[in-house]
Amino acid sequence: MEVKHRAARSLVHRLASAPVRSGAFAEAAAEIRRLSKDDPEMRSPLAESGAVPLLGSALLEFDSSAAEAQENASAALLNLSISAREAVMSTPGILDALAAALRLPCPSTAQNAAATVYSLLSVDEYRPIIGSKRSVIAALLDLFRGLGVTPTRSIKDALKAIFLLALYPLNRATLVEMGAVPPLFALVVKDGRRGVVEDATAVISQVAGCYESVEAFRRVAGVAILVELVDAATGASGRARENAAAALLNLVMSGGDKAVGDIMESEGAESLVRELAEGVGGEVSARGKSKAADLLRVLQRSRGSHLVHGLQEDTETSTDSAPQSLLFSSSSYTVLRAPNIVFRLLVCDLEVELYAEGSLKFGISRVEFNE
């Protein structure tokens with residue numbers, strides 16, 4: 001191992017001794033790139049010898065004469081980040097260097113930078129730190145805003161990085177604030193590549209988990225897009241359909257009644273979610289069915305609540321002074337007596353006919369009534 005450390009120190013010395021725009025720097029960076037790729041055991045010695053700040057400094061400013069050196073430097077940093085994440089992340093200014101690299105005109109350099117950010121974000125503790133670096137987030141978002149220009153691999157690496165960022169709840173509002181929602185839905189609507197759509201919907205499902213996403217989704221008709229995506233007839237993959245259902249569920253959990261109302265306004269939403277929960281269309285995992293089933297229960301409870309609310313208003317106007325007494329109660333349901341109403345209820349999948357006198361007040365999945 002000592003031999004590797006000596007080799008690492010020698011290479012880093014060569015890197016430190018050469019100007020960034022020189023051929024010597026490019027050669028040393030290329031050698032570090034090769035060794036860090038071919039020999040994983042060289043990664044830690046190279047990082048410990050001081051390679052990271054030198055490689056990062058090459059990325060701060062674009063220079064056409066240094067394009068090759070910058071590409072090699074970005075690839076070397078990616079390799080080092082796989083096995084020496086702490087050394088990379090603890091280097092002062094490294095996030096600024098990566099943010100700059102994400103904006104460089106060389107596609108492979110930008111892609112390497114996006115993949116490096118993704119690699120660093122695999123460590124939970126780094127997500128709030130990187131999430132506070134707005135220049136990195138802005139540069140990642142710009143990568144997939146360039147639809148039709150940015151290479152597919154760069155878009156996918158940027159999406160994966162944003163996905164990991166969004167796993168930290170406090171980053172979600174920041175992503176919404178910085179305008180992540182419109183380009184994400186643009187990818188879903190305009191990009192026909194299956195892998196991109198699947199990755200974009202996975203990110204959307206995470207971003208949906210904050211209250212700020214409700215209004216952001218409204219501005220781009222996001223709920224309608226997700227409901228349509230749940231439909232197997234659109235040809236969406238099973239994973240994309242599952243992600244769409246998960247996004248709607250997260251939106252409901254974070255946005256409450258406002259989000260539920262938006263979903264219920266989309267034509268056929270409940271039946272499409274039911275089909276996904278039942279596995280209609282194939283390619284649906286057990287997890288996907290479970291998410292859809294959870295969402296379906298929320299929608300059914302909401303529909304039942306609206307029916308009950310309307311019924312309650314009607315009965316209250318005609319029985320202002322009528323005495324009420326408890327007819328049925330459980331942890332989930334409460335039924336109150338009031339005059340001249342017959343209720344037929346679906347309770348725990350059993351249809352129960354109740355003869356009551358008055359109003360009804362509880363959460364249910366379906367109500368049928370006869371006067």
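## Salt bridges across a helical chain

Half the story here is burial: of the 371 residues in the protein chain, 50% count as buried. Keep in mind that this is a predicted model. The mean pLDDT of the protein chain is 84, with 81% of its residues at 70 or more. Residues 307-371 are another matter, as the pLDDT there is below 50, although this stretch has 110 contacts in the model beyond near neighbours in sequence.

As for the overall make-up, the protein chain has 20 helices and 5 strands. If you take the contacts between residues at least 6 apart in sequence, 66% of them join residues at least 24 apart. The chain exposes about 17000 Å², and 51% of that comes from carbon and sulfur atoms.

Now for the charged pairs. Searching the whole structure turns up 22 salt bridges. Here are three of them, with their N to O distances.

| Salt bridge | N to O distance |
|---|---|
| Arginine 103 and aspartate 142 | 2.6 Å |
| Arginine 194 and glutamate 283 | 3.0 Å |
| Glutamate 198 and arginine 239 | 3.3 Å |

Take the pair at 2.6 Å, arginine 103 with aspartate 142. Arginine 103 sits in the loop between helix 7 (94-102) and helix 8 (107-121), while aspartate 142 belongs to helix 10 (residues 134-145), so the bridge ties together parts that are 39 residues apart in sequence. Arginine 103 is partly exposed, at a relative accessible area of 48%. Aspartate 142 is partly exposed too, at 33%.

Next comes the pair at 3.0 Å, arginine 194 with glutamate 283. These two lie 89 residues apart and link distant parts of the chain: arginine 194 is in helix 14 (residues 194-207), and glutamate 283 is in the loop between helix 19 (269-277) and helix 20 (286-318). Both arginine 194 and glutamate 283 are exposed.

Helix 14 also holds glutamate 198, whose partner arginine 239 is in helix 17 (residues 238-255), 41 residues away in sequence. The side chains of glutamate 198 and arginine 239 meet at 3.3 Å, N to O. Is each end of this bridge buried or partly exposed? Glutamate 198 has 9% relative accessibility, so it counts as buried. Arginine 239, at 36%, counts as partly exposed.

Finally, which residues do shared partners join into one network? Salt bridges with partners in common connect Lys156, Arg194, Glu198, Asp199, Arg239 and Glu283.

Methods
Residues are numbered from 1 along each chain as its sequence is written. This is a predicted model: local features need pLDDT of at least 70, side-chain atom pairs count only at pLDDT 80 or more; totals for chains, interfaces and linings use all residues. Side-chain values use heavy atoms; hydrogens and water are left out. pLDDT is the predictor's confidence in each residue, from 0 to 100. Contact means heavy atoms within 4.5 Å. Helices (H or I, at least four residues) and strands (E, at least two) are DSSP runs, numbered from the N terminus. Buried means under 20% relative accessible area, exposed over 50%, partly exposed in between (1.4 Å probe, protein chains only). Accessible areas come from the Shrake-Rupley method with a 1.4 Å probe; for residues, only the protein chains shown count as cover. A salt bridge is a side-chain nitrogen of Lys or Arg within 4 Å of a carboxyl oxygen of Asp or Glu.
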